[in-house]
Amino acid sequence: MKNNTIKFIINDKHFESDEQYILGAKVRAIGNISKDDEIFLAIKRPWEDESIADDTKVDLARPGIEHFFSKKHGEEKLVSIYVDNIEKKISRGKHSVAEIKKIGGVPASYELEEVIDGKLTPLDDNAVVLIKGGEKFFGHVRDGSSS
């Protein structure tokens, strides 16, 4: 193994490159990804994942290991979130707090909080949350409300 190799991941498989930049077409070839599938570069929340076209050049030398994933055109990729420590399946992307409450069986009158950087963060009922998978939510009676 060379000292100047850069590690990256395609659909959970590990690869190395001795070049700093990689084209989407090369990711497609290395990962054996069908022309019918879309390729994405996983980007840390709160940003959305980046769509990678065959002619898109990606810098592999950015901090961290680049994670590419593919999906069929128009396919809803389901990921796991946790609502009150119970795993629920939901499509990646933007979802309203009301949708998350409904999926998690949290009463609409309850407050929903998300664990962000290890801290519980209250979510506004009208907010939209970007779901990438692994998010943790907790519902509870609102503080100061009468019953």
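## Two open sheets, a helix and a pocket

Strand S8, residues 78-83, and strand S9, residues 86-91, pair in the antiparallel sense over 6 bridges. The model shown here is predicted. In this pairing, Leu 78 has Ser 91 of S9 as its bridge partner. S8 and S9 also make a hairpin, with 2 residues between the strands. There, Asp 84 takes a positive phi near 55°.

Now look for another partner of S8. Strand S14, residues 136-140, pairs with S8 in the parallel sense, over 2 bridges. Val 83 has its bridge partner in S14: Phe 137.

Phe 137 leads onward to strand S11. Glu 114 stands opposite Phe 137 of S14. Strand S11 covers residues 111-116, and 4 bridges join S11 to S14. These two strands run antiparallel. Another bridge pair here is Leu 112 with Gly 139 of S14.

Glu 114 also points the way to strand S12. Its bridge partner in S12 is Thr 121. S11 and S12 run antiparallel and are joined by 5 bridges. They form a hairpin with 2 residues between them. Asp 117 sits in that turn and has a positive phi of about 50°.

Put these pairings together. The result is an open sheet of 5 strands, in the order S9-S8-S14-S11-S12. Its pairing is mixed. S9 and S12 (119-123) are the edge strands, and each pairs on one side only. On average, neighbouring strands of this sheet are turned by 35° against each other, direction ignored. In a regular strand, side chains alternate between the two faces of the sheet.

A helix belongs in this picture too. Helix H2, residues 97-104, lies across S8, S9, S11, S12 and S14. H2 runs at about 135° to S9.

Turn next to the other sheet. This open sheet of 5 strands has the order S2-S1-S7-S4-S5, again with mixed pairing. Which strands stand at its edges? They are S2 (13-17) and S5 (50-52). Each has a single partner strand, so one side of each is left without a neighbour in the sheet. Neighbouring strands are turned by 30° against each other on average, direction ignored.

Within this sheet, strand S1, residues 6-10, pairs with S7 in the parallel sense. The pairing has 3 bridges. In one of the bridge pairs, Phe 8 is matched with Glu 66 of S7.

Just before S7 comes a loop. It runs between strand S6 (57-59) and strand S7 (66-72), and Ala 61 is found in it. Is Ala 61 buried, exposed or partly exposed? Its relative accessibility is 43%, so Ala 61 counts as partly exposed. Leaving aside its neighbours within four places in sequence, Ala 61 is in contact with Ile 6 and Gln 20. Glu 19 is 42 residues away from Ala 61 along the chain, yet their C-alpha atoms are separated by 8.9 Å.

Last comes the largest pocket. About 280 Å³ of space lies in it. Part of its lining is Ile 43, Lys 44, Arg 45 and Pro 46. The lining also includes Val 115, Ile 116 and Asp 117. Asp 117 is the turn residue of the S11 and S12 hairpin. Lys 132, Gly 133, Gly 134 and Glu 135 line the pocket as well. By type, the lining residues divide into 4 nonpolar, 2 polar and 5 charged.

Key
Residues numbered from 1 in each chain as written. Predicted model: local features only at pLDDT ≥ 70, side-chain atom pairs only at ≥ 80, totals over all residues. Heavy atoms only, no water. Helix = DSSP H or I, 4+ residues; strand = E, 2+ residues; numbered from the N terminus. Buried < 20%, exposed > 50% of the residue type's maximum accessible area, 1.4 Å probe, protein only. Contact = heavy atoms within 4.5 Å. Pairing = 2+ DSSP bridges. Axes fitted to C-alpha atoms, helices over the stretch in contact; angles between N-to-C directions. 1 Å grid on protein atoms, 1.4 Å probe; cavity = no way out; pocket = protein on both sides within 12 Å on 5 of 7 lines; lining within 4 Å. Points joined across faces, edges and corners; volume = space filled by probe spheres on them. Nonpolar A, V, L, I, M, F, W, Y, C, P; charged D, E, K, R; others polar.
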